[in-house]
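User: Hi! Could you walk me through some of the charged pairs in this one? I'd like to go contact by contact.

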Amino acid sequence: MRLAQRVQNLPPYVFADVARRIREMEAAGRRVINLGIGSPDMPPPPFVVEAMQRAARDPANHRYPGYTGTPELRRAIAAYYRRRFGVELDPDGEVLPLIGSKEGLAHVMWALVEPGDLVLVPTPGYPTYRYSVFMAGGEVFFLPLQPQNGFLPDLDAVPEEVYRRAVAMWVNYPHNPTGAVAPLDFYRQVVELARRYDFAVLSDNPYADVTFNGYRAPSFLEVEGAREVGIEFNSLSKTYNMAGWRVGMAVGNADLINALMRVKSNVDTGIFLPLQAGAVVALEGPQDWVSERNAVYQERRDVLVAGLRALGFDCQAPRATLYVWARVPDGWTGESLADALLERAGVWMTPGTFFGPGGEDFVRVAFTVDVSLIREALERVERALSE
Ligand SMILES: Cc1ncc(COP(=O)(O)O)c(C=O)c1O
């Protein structure tokens, strides 16, 4: 059997290997504290789960769900964008539910990229951006995100011929893995470039509602002209603690939404109807629990940042996301440290290189575990580093 080149060049998803290693350690009796994953540890509120359960008991809800999401879910997404960002969307043309946003991030490449086309991808960044370009036969031009620029790309430093060749640019704020946030002026500059050079903007915004200290993250679509040049991906995974449900969305430019729908309608057949019913209730129901949940994250973040600094890591408290992006102490790389801490301390942090070039001296530390486990992890790291 001959496997396609695109698979031969494709590593397994970076987190898959580590998950196997951790499972093996746990099977051998080690208790690993996993600070590596961005999966919310708290559940959605009971009224969301109950809505899903009620819908699952209705025999009519077990048929194929259709390609464009239920009208109720599309309307609930549009209402969320109006309420949350002041952005008006047509639920029948500018909104597409996704089976988690990750599949949309990958499938949109099939709608945009011809073999050899160039896509601008921030680094460090969410791995799917770059691998989905490769799967579609395109080429990546990395936009380095550096601490001295607040982890925003230096858009003036990109050569003009690169912009001319580009078919799409990824932007992701609040940013995984650095936790950086972007002002609306940044999006204005992106929209202007997209207009000038005729490329699509793909804004990935799943952390918009995981924010701290009163910070409110904007949507790229708040900027004038944004919907002429791009779409935004969003997700219920982090906002509503629903990562396992696999419900996300693409919103914005109607032509690109339609193209993505055409790709997807040949690949999948939609989201299980009871999950869509639960998603509607999450989007339309009481929202005050979201800020209470964020207060829990904020406490964890503060314990983690203070503890890491005391151990010689260099890091800032992020205003959003689930992650601290920490420069490792002298004498280590992100990979050597992550490896040593897993072996010696049974604590897993994600090496920065998982997110691409530029992450060599960093680890990403997620605060998706209880604060007591964060304290225990810090103690274990302290012991391991003084060995
Ligand atoms: C930046 C970013 N985009 C997209 C996703 C995927 O989210 P979803 O659960 O909606 O597929 C994640 C998940 O960690 C993420 O960090």
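User: Let's start with Arg 31. Which residue does Arg 31 form a salt bridge with?

Analyst: Happy to help! Keep in mind that this is a predicted model. Arg 31 pairs with Glu 376 in a salt bridge, and their closest N and O atoms are 2.6 Å apart.

User: Where do the two residues lie?

Analyst: Arg 31 is in the loop between H2 and strand S1 (33–34), while Glu 376 belongs to helix H15 (residues 371–385). The pair therefore ties together parts that are 345 residues apart in sequence.

User: And is Glu 376 buried or exposed?

Analyst: In between: Glu 376 counts as partly exposed, at 25% relative accessibility.

User: OK, what about Arg 21, which partner does Arg 21 meet in a salt bridge?

Analyst: That would be Asp 339, at 3.0 Å from N to O. This pair also links distant parts of the chain, with Asp 339 in helix H14 (residues 334–345) and Arg 21 in helix H2, 318 residues apart.

User: Now Asp 17, which residue is its salt-bridge partner?

Analyst: Asp 17 bridges to Arg 20, with 3.5 Å between the closest N and O atoms. Both sit in helix H2 (residues 14–27), three residues apart, or about one turn of the helix.

User: Nice. How many salt bridges does the structure hold?

Analyst: There are 19 salt bridges in the structure.

User: Switching topic: which residues form a nonpolar patch on the surface?

Analyst: Met 1, Leu 3 and Val 7 do, together offering about 390 Å² of accessible area. Met 1 itself is exposed, with a relative accessible area of 97%, and is found in the segment before helix H1 (5–8).

Technical notes:
Residues are numbered from 1 along each chain as its sequence is written. This is a predicted model: local features need pLDDT of at least 70, side-chain atom pairs count only at pLDDT 80 or more; totals for chains, interfaces and linings use all residues. Side-chain values use heavy atoms; hydrogens and water are left out. Patches are made of residues with over 30% relative accessible area and no salt bridge: like charges are joined within 9 Å, nonpolar side chains (Val, Leu, Ile, Met, Phe, Trp, Tyr) within 5 Å. Accessible areas come from the Shrake-Rupley method with a 1.4 Å probe; for residues, only the protein chains shown count as cover. A salt bridge is a side-chain nitrogen of Lys or Arg within 4 Å of a carboxyl oxygen of Asp or Glu. Helices (H or I, at least four residues) and strands (E, at least two) are DSSP runs, numbered from the N terminus. Buried means under 20% relative accessible area, exposed over 50%, partly exposed in between (1.4 Å probe, protein chains only).
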